[in-house]
Amino acid sequence: MTAVTRVVRTWGDADETDMFVYGGKYPAHHVAWVNSGISHARDYEDTHDAAILHAGVSVEPAAIAAGQLRGDCSGADFVPAVAVDWR
């Protein structure tokens, strides 16, 4: 992941959202991408048994970046925004 984070740092021209693990603020769309990769690489993933996929490692980092970019997203707002009933 260090190669990816180096690329994002060279692209960075807006201090919008926080990069996981390595720190710093970068454009939200780049941070959502790299944070998804970091989450997947560190095995912070869920599994939807019926679909056999890891939706959370894509959705949650993007939602975190969107919430930070918006600027007024509290934890109380964030959790229900990404929670889904899989039953």
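This report walks through a few local features of the structure shown above. The model is predicted, and every value here is computed from it.

**The helix pair**

Start with helix α1, which covers residues 2–11. Helix α1 packs against helix α2 (residues 28–41), with the two axes 10 Å apart and an angle of about 175 degrees between them. That angle is why α1 counts as roughly antiparallel to α2. On the α1 side, the residues at the junction are Val 4, Thr 5, Val 8 and Trp 11. Their partners in α2 are His 30, Trp 33 and Val 34.

Trp 11 deserves a second look. This residue sits in α1 and takes part in the meeting with α2, yet Trp 11 is still partly exposed, at 44% relative accessible area. Together with Val 7 and Trp 33, Trp 11 also forms a nonpolar patch on the surface. The three residues add up to about 310 Å² of accessible area. So Trp 11 and Trp 33 turn up twice: in the α1–α2 contacts and in the surface patch, with the partly exposed state of Trp 11 at 44%.

**Ala 28**

Is Ala 28 buried or exposed? Ala 28 belongs to helix α2, and its relative accessible area is 9%, so it counts as buried because the cut-off for that is under 20%. Setting aside neighbours within four places in sequence, the contacts of Ala 28 are Glu 16, Thr 17, Ala 65 and Leu 69. Ala 83 is 55 residues away from Ala 28 along the chain, and the C-alpha atoms of the two are separated by 21 Å.

**A loop with a positive phi**

Between β1 (17–18) and β2 (25–26) there is a loop, and Val 21 is found in it. Its phi is near 65 degrees, a positive value, and Val 21 is not a glycine.

**Salt bridges**

Side chains of opposite charge can pair when their charged atoms come close. How many salt bridges does the structure hold? There are two, set out here with their closest N and O distances.

| Acidic residue | Basic residue | Closest N and O atoms |
|---|---|---|
| Asp 18 | Lys 25 | 3.0 Å |
| Asp 72 | Arg 70 | 2.6 Å |

What about exposure? Asp 18 is partly exposed at 31% relative accessibility, and Lys 25 is partly exposed at 39%. In the other pair, Asp 72 is partly exposed at 49%, whereas Arg 70 counts as exposed at 65%.

Definitions and conventions. Residues numbered from 1 in each chain as written. Predicted model: local features only at pLDDT ≥ 70, side-chain atom pairs only at ≥ 80, totals over all residues. Heavy atoms only, no water. Patch = residues over 30% accessible without salt bridge, like charges linked within 9 Å, V, L, I, M, F, W, Y side chains within 5 Å. Areas by Shrake-Rupley, 256 points an atom, 1.4 Å probe, with all protein chains shown as cover. Salt bridge = Lys/Arg side-chain N within 4 Å of Asp/Glu carboxyl O. Helix = DSSP H or I, 4+ residues; strand = E, 2+ residues; numbered from the N terminus. Buried < 20%, exposed > 50% of the residue type's maximum accessible area, 1.4 Å probe, protein only. Axes fitted to C-alpha atoms, helices over the stretch in contact; angles between N-to-C directions. Parallel < 35°, antiparallel > 145°, perpendicular 65-115°, else oblique. Contact = heavy atoms within 4.5 Å.
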